[in-house]
Amino acid sequence: MKPAIPIIVVLSWFHTPLLAQIKESASLEILIDREENPFFLVHNIDQGLVLYRNINLQSSYSERTWEILLLDTAFHMAWSTRISTGYNQRILGGYIEGVYCYFLLGDYAKPSPEYQIIRLDLAKKQLQYFPLGEYIPEKLLFLRIHQGIVIIGGVENNKPSVVCYPYGDNRPVVLQCIYGKNINLLDIQLLEKEGFLVYVGIRDENRERSVRINAYRRKGDLRSNIVLKPGPGRNLLDCKVIGEIREDQPLNIAGTYSVSKGTVANGIFTLLI
């Protein structure tokens with residue numbers, strides 16, 4: 001019973017002064033039979049949630065049917081649709097930008113896998129397909145679509161890897177300063193004006209953890225990088241640049257750290273560079 005005590009206290013603290021204003025949170029329940037596949041989720045703070053799953057309606061082995069649901073920001077069902085792919089094709093991940101939801105589709109019917117992007121217009125339910133090349137990291141962690149560029153981050157041979165594909169171009173650009181020993185991929189952050197940031201965690205021979213921030217131009221050219229190192233008795237676990245990035249202004253960075261050589265966050269830090 002002891003672990004429940006702080007939870008009850010926190011809920012009561014929020015509940016007491018706002019008692020007259022509290023409304024029941026929106027919720028949605030979708031019943032799934034044991035024999036049905038679970039849903040995967042793609043979220044966006046402005047558009048809501050997209051849920052998708054393979055429903056295997058076809059009795060033949062010629063194609064797969066995917067069910068796609070759109071929920072608005074209040075968890076109301078906006079619409080549902082179904083799309084078909086080849087039987088050996090899998091939806092590997094998704095990403096929402098603006099009014100579009102993008103799905104990364106892998107085709108494993110051939111000796112070398114082939115990939116493409118499905119772009120779904122959330123307003124019109126229209127589909128477009130953009131071919132990619134034959135390479136993405138074997139374990140997908142991040143999918144980002146920005147300014148006509150597909151950015152895919154993941155793990156290859158137990159090491160981080162990030163590649164870029166312009167729409168309609170099957171030649172990948174493998175990013176510099178990502179691949180290496182004792183490095184893990186933390187996040188990919190899109191910039192409003194141009195380009196993106198890649199955050200990687202670095203662990204040295206003393207098991208101390210630091211964070212490197214790589215800045216790339218739109219098509220994957222390395223622009224600059226900085227390394228944030230911890231103070232005595234600290235490990236940096238992750239971080240993110242906050243606010244607008246301008247060349248004439250310092251970077252505002254916030255993140256989490258651990259004490260000693262732990263991997264669980266013990267506090268947060270902020271700094272200007």
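The chain holds one helix and 19 strands, where helices (H or I, at least four residues) and strands (E, at least two) are DSSP runs numbered from the N terminus. This is a predicted model, in which local features need pLDDT of at least 70 and side-chain atom pairs count only at pLDDT 80 or more, while totals for chains, interfaces and linings use all residues. Residues are numbered from 1 along each chain as its sequence is written, and side-chain values use heavy atoms, with hydrogens and water left out.

**Exercise 1. The chain as a whole**

Task: State what share of the 273 residues is buried, and what area the chain exposes.

Solution. Begin with burial: 37% of the 273 residues are buried, a class that means under 20% relative accessible area, as against exposed at over 50% and partly exposed in between (1.4 Å probe, protein chains only). Next comes the surface, of which the chain exposes about 16,800 Å², with carbon and sulfur atoms supplying 52%; accessible areas come from the Shrake-Rupley method with a 1.4 Å probe, and for residues only the protein chains shown count as cover. Finally, among contacts (heavy atoms within 4.5 Å) with a separation of 6 or more, 35% are between residues 24 or more positions apart.

**Exercise 2. Strand 3 and its partners**

Task: Determine which strands pair with strand 3, and in what sense.

Solution. Two strands pair if DSSP finds at least two bridges between them. On one hand, strand 2 (residues 48-54) pairs with strand 3 in the antiparallel sense over six bridges, and Y52 stands opposite I68 of strand 3. On the other hand, strand 4 (residues 77-86) runs antiparallel to strand 3 and is joined to it by nine bridges, with E63 opposite G86 of strand 4. Strand 3 and strand 4 form a hairpin with five residues between them, and F75 in that turn has a positive phi of about 65 degrees. As for cover, strand 3 (residues 63-71) has eight of its nine residues buried.

**Exercise 3. The largest nonpolar core**

Task: Identify the residues with the most contacts inside the largest nonpolar core, and then the surroundings of I68 and I118.

Solution. A nonpolar core is a set of buried Ala, Val, Leu, Ile, Met, Phe, Trp, Tyr and Cys residues joined through side-chain atoms within 4.5 Å. The largest one has 16 residues, and V50, Y52, I68, C101, F103 and L122 have the most contacts inside it. At least two residues of this core come from each of strand 2, strand 3, strand 4, strand 5 (89-97), strand 6 (100-107) and strand 7 (114-121). With neighbours within four places in sequence left aside, I68 is in contact with V50, L51, Y52, W79, S80, T81, I83, F103 and L120. I118 is placed in strand 7 and is buried, because its relative accessible area is 0%. Under the same exclusion of neighbours within four places in sequence, the contacts of I118 include I83, C101, F103 and L127.

**Exercise 4. Two hairpin and loop regions**

Task: Locate G148, N157 and N158, and classify each as buried, partly exposed or exposed.

Solution. Strand 9 (139-146) and strand 10 (149-156) have G148 in the loop between them, and these strands pair in the antiparallel sense over seven bridges. Their hairpin has two residues between the strands, and Q147 takes a positive phi near 55 degrees there. G148 counts as partly exposed because its relative accessibility is 24%; not counting residues up to four places away in sequence, G148 touches Y165, P166, Y167 and R218.

N157 lies in the loop between strand 10 and strand 11 (159-166), and N158 has its place in the loop between strand 10 and strand 11. N157 is partly exposed because its relative accessible area is 46%, whereas N158 is exposed because its value is 72%. Most residues other than glycine have a negative phi; N157, however, has a positive phi of about 55 degrees, and the phi of N158 is near 65 degrees.

**Exercise 5. The largest pocket**

Task: Give the volume of the largest pocket and name the strand that supplies the largest share of its lining.

Solution. On a 1 Å grid over the protein atoms alone, a pocket is an open set of points where a 1.4 Å probe fits, with protein on both sides within 12 Å along at least five of seven lines, and lining residues have an atom within 4 Å of a point. Grid points are joined across faces, edges and corners, and a volume is the space filled by probe spheres set on the points; for the largest pocket this volume is about 680 Å³. The lining has 25 residues, of which L191, R223, E244, I245 and R246 lie nearest the centre of the pocket. Strand 13 (183-190), strand 15 (209-216), strand 16 (222-228) and strand 17 (234-242) are the elements that give two or more residues to this lining, and strand 16 supplies the largest share, four residues.
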